[in-house]
Amino acid sequence: VPGIISWPRGLEAAGVQPGGLSAEPIIGNDIFPTLLAAAGVSIPDGLTLDSQSILPILKSEHFERAQPLFWRNAYQWRGDYLYEVAIREGDWKLLADTDRTVFELYNIVQDPRETTDLSAFYPERLERMKATLIAHDNCVLSETRDWWQKDPRMKGKVPEQP
């Protein structure tokens with residue numbers, strides 16, 4: 001989903017100039033560390049974030065993610081499986097089911113509608129991205145309150161497949 005950031009005044013001193021354009025994929029979670037960086041506030045040591053500051057993008061500087069984009073899919077059915085978590089690394093996206101046992105791998109630049117699971121064709125990439133997803137997910141879950149698991153609409157159950 002395209003996004004627009006409008007920051008008309010105040011960041012010129014930080015190197016942010018109006019009129020910039022970037023195709024770099026970001027996620028809504030990137031806003032928090034970006035605002036902290038713009039305000040000169042450090043993120044506490046030892047805290048795992050599933051995002052990072054995009055201030056370098058706003059300054060038209062080189063930007064490289066320290067970790068892949070990471071998000072939860074809000075209980076999305078795909079075929080016979082309920083997918084809950086995903087990562088994106090460059091052109092590649094990996095989906096994982098709620099138990100982290102079923103995975104699907106896509107090249108979303110070549111296949112933006114995610115019609116062809118490439119797991120069988122890229123087993124090394126699949127295994128590397130699986131390990132990254134599981135490790136990062138475990139870090140986030142160890143530090144996160146469980147409010148998102150207590151969604152009253154879910155009532156502790158897996159939603160029925162549409």
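Does R100 count as buried or exposed, and at what relative accessibility? In this predicted model, R100 has a relative accessibility of 15% and therefore counts as buried, since the class of buried residues takes in those under 20% relative accessible area. The side chain of R100 meets that of D137 in a salt bridge, with 2.9 Å from N to O. This contact joins distant parts of the chain, for R100 lies in the loop between β3 (92–97) and β4 (103–107), while D137 belongs to helix α3, and the two are 37 residues apart. The partner is likewise buried: D137 has a relative accessible area of 3%, and because that value is under 20%, D137 falls in the buried class.

The pair R100 and D137 can be set beside other charged contacts, as a search of the whole structure finds 6 salt bridges. Another of these is formed by D30 and R65, whose closest N and O atoms are 2.5 Å apart. Here too the pair links distant parts of the chain, with D30 placed in the segment before α1 (31–39) and R65 in the loop between α2 (55–58) and β1 (69–78), at a separation of 35 residues. Both D30 and R65 are buried.

A further salt bridge brings the reader back to helix α3, where R125 pairs with E89. The closest N and O atoms of R125 and E89 are 3.8 Å apart, which falls within the 4 Å that a salt bridge requires. This pair again links distant parts of the chain, since R125 sits in helix α3 (residues 123–143) and E89 in strand β2 (residues 81–89), 36 residues apart. As for accessibility, R125 has a value of 25% and so counts as partly exposed, and E89, at 21%, is also assigned to the partly exposed class; the reason is that this class lies between the limits of 20% and 50% relative accessible area. The contact between R125 and E89 does not stand alone, for E89, R125 and R128 are linked in a network of salt bridges.

Turning from charged side chains to nonpolar ones, the reader finds a patch on the surface that is formed by I5, I26, I31 and L35, which together have about 320 Å² of accessible area. One of its members, I5, is found in the segment before α1. The relative accessibility of I5 is 40%, so this residue counts as partly exposed, and because that value is over 30%, I5 also passes the accessibility limit set for residues of a patch.

Conventions. Residues numbered from 1 in each chain as written. Predicted model: local features only at pLDDT ≥ 70, side-chain atom pairs only at ≥ 80, totals over all residues. Heavy atoms only, no water. Helix = DSSP H or I, 4+ residues; strand = E, 2+ residues; numbered from the N terminus. Buried < 20%, exposed > 50% of the residue type's maximum accessible area, 1.4 Å probe, protein only. Patch = residues over 30% accessible without salt bridge, like charges linked within 9 Å, V, L, I, M, F, W, Y side chains within 5 Å. Areas by Shrake-Rupley, 256 points an atom, 1.4 Å probe, with all protein chains shown as cover.
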